[in-house]
Amino acid sequence: MTELRQGLAKLTWQDPQTGELHEYVLERGATVTIGRSPNNHVCIPERHVSRQHAAILDRDGVFVLVDYHSANGTFVNEQPVAGAVPLASGDVIRLYVPVLMFSESVTDQEHAQAAASGTLIRGQAGAYATLTIRTGPQTGTVIPLLAPVVTIGRATRRARWDISLPDQAVSRPHAELRRAADGSWTLADLNSANGTFVNGARLDGGSPAPLSDGDAITLGQTTLVFRRGT
């Protein structure tokens with residue numbers, strides 16, 4: 001008899017070009033980023049997918065899907081995602097063209113295979129530095145900072161930056177975060193029109209400023225809170 005693992009979820013995506021099946025197992029507490037950029041947990045190198053397109057988060061024991069204001073949108077069972085959408089086993093997630101299947105049926109064997117292949121995404125609460133959006137249409141969205149250099153800019157169809165904000169007062173691009181070898185982070189303004197502020201103080205030119213846990217970052221009309229993680 002096949003044993004099911006409780007409290008797990010499975011995300012499956014089939015590459016339409018190669019037919020290759022990609023399967024990921026999510027443990028409780030996991031944060032899973034999805035997008036075209038290779039620094040995502042689930043990288044889908046398809047032109048309709050934004051660099052950081054969406055994420056699946058564990059909120060109080062329920063996996064929810066959030067869209068990172070992608071250029072072409074995210075859909076669950078053909079309904080557009082707005083805010084945090086709870087996921088149920090059997091849901092179909094569409095990133096404009098690519099389709100992913102969400103399931104809460106995971107066997108012991110599938111869990112072991114994912115651990116062996118590197119596609120097991122463990123609960124990493126507090127492990128990554130994050131930005132939490134406090135104002136605007138994406139309020140409440142938590143963005144893990146997975147890459148050592150993260151660029152932020154206004155959301156446009158041709159955005160090349162890592163984090164896109166739907167804020168007309170944000171420049172294209174606006175600011176850049178960098179992680180040092182010791183795990184500390186800095187923030188620099190990229191000659192934005194309206195400036196970049198940390199705890200209300202405007203950054204000087206392009207000089208990077210060190211960030212502390214809990215700092216409030218303001219870009220245009222958007223405020224984000226930086227958490228360093230562990």
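Which residues line the largest cavity? Keep that in mind while we look around this predicted model. The lining is made up of Gln-52, Tyr-68, Ile-133, Gln-138, Ile-143, Asp-162, Ile-163, Ser-164 and Leu-165. Strand β16 gives the largest share of that lining, with three residues. About 40 Å³ of space lies inside, and a search of the whole structure turns up one cavity of 30 Å³ or more. Why search for such spaces with a probe? Rolling a probe the size of a water molecule over the atoms shows where empty space is left.

## The cores

Ile-163, which we just met in the cavity lining, also belongs to the largest nonpolar core, a group of 28 residues. Together with Leu-131, Leu-145, Leu-177, Leu-187, Leu-211 and Phe-226, Ile-163 is among the members that touch the most other members. Let's pick one of these and see what surrounds it. Leaving aside residues up to four places away in sequence, Leu-177 touches Leu-131, Leu-145, Pro-148, Val-149, Val-150, Ile-152, Trp-185, Thr-186, Leu-187 and Leu-211. There is also a second, separate core, with 23 residues, including Ala-9, Val-32, Ile-44 and Leu-65. As a general background note, nonpolar side chains in soluble globular proteins tend to be buried together.

## A hairpin and a helix

Now go to the start of the chain. Strand β1 (residues 9-14) pairs with strand β2 (residues 21-26) in the antiparallel sense, over six bridges. At one of these bridges, Gln-14 has Leu-21 in β2 as its partner. Six residues sit between the two strands of this hairpin, and Gly-19 takes a positive phi near 80 degrees there.

Strand β2 has another partner too: two bridges join it to strand β12 (residues 120-121), and this pair runs parallel. Here Val-25 stands opposite Leu-120 in β12.

Helix α1 (residues 108-117) packs onto this same neighbourhood, as its buried residues sit against β1, β2 and β12. Which residues of α1 are buried? They are Glu-110, His-111 and Ala-114. Looking down the axis of α1, you'd find these buried residues within an arc of 100 degrees, so they line one face of the helix. The face turned away from that buried side carries Gln-109 and Ala-116, which are exposed. Right after α1 comes Gly-118, with a positive phi near 85 degrees.

## Two open sheets

One open sheet has five strands in the order β4-β3-β5-β6-β9, and its pairing is mixed. Its edge strands, β4 (42-43) and β9 (85-86), each pair on one side only. Further in, strand β3 (residues 31-35) and strand β5 (residues 54-59) run antiparallel and are joined by four bridges. Val-32, listed above in the second core, stands opposite Ile-56 in β5.

Another open sheet has six strands, in the order β14-β13-β23-β22-β19-β20, with antiparallel pairing. At its edges stand β14 (142-144) and β20 (201-202), each with a single partner strand, so one side of each is left without a neighbour in the sheet. Four bridges join strand β22 (residues 216-219) to strand β23 (residues 222-227), and the two run antiparallel. In this pair, Thr-218 stands opposite Thr-223 in β23.

## Backbone oddities in the loops

A few loop residues are worth a look for their backbone angles. Here they are side by side.

| Residue | Backbone angle | Loop |
|---|---|---|
| Asn-77 | phi near 55 degrees | between β7 (75-76) and β8 (79-80) |
| Asn-191 | phi near 55 degrees | between β18 (185-189) and β19 (196-198) |
| Pro-173 | omega near -5 degrees, bond from Arg-172 | between β16 (163-165) and β17 (175-179) |

For Asn-77, phi is positive even though the residue is something other than glycine, and Asn-191 is also a non-glycine residue with a positive value. Is Asn-191 buried or exposed? With a relative accessible area of 70%, Asn-191 is exposed. Asn-77, at 39% relative accessibility, counts as partly exposed. As for Pro-173, the peptide bond leading into it from Arg-172 is cis. Its loop starts after β16, the strand that supplies the largest share of the cavity lining, which brings us back to where we began.

How values were computed. Residues are numbered from 1 along each chain as its sequence is written. Side-chain values use heavy atoms; hydrogens and water are left out. A nonpolar core is a set of buried Ala, Val, Leu, Ile, Met, Phe, Trp, Tyr and Cys residues joined through side-chain atoms within 4.5 Å. Buried means under 20% relative accessible area, exposed over 50%, partly exposed in between (1.4 Å probe, protein chains only). Contact means heavy atoms within 4.5 Å. Two strands pair if DSSP finds at least two bridges between them. The arc is that of the directions from the helix axis to the C-beta atoms. On a 1 Å grid over the protein atoms alone, a cavity is a set of points where a 1.4 Å probe fits but cannot get out, and a pocket is an open set with protein on both sides within 12 Å along at least five of seven lines; lining residues have an atom within 4 Å of a point. Grid points are joined across faces, edges and corners, and a volume is the space filled by probe spheres set on the points.
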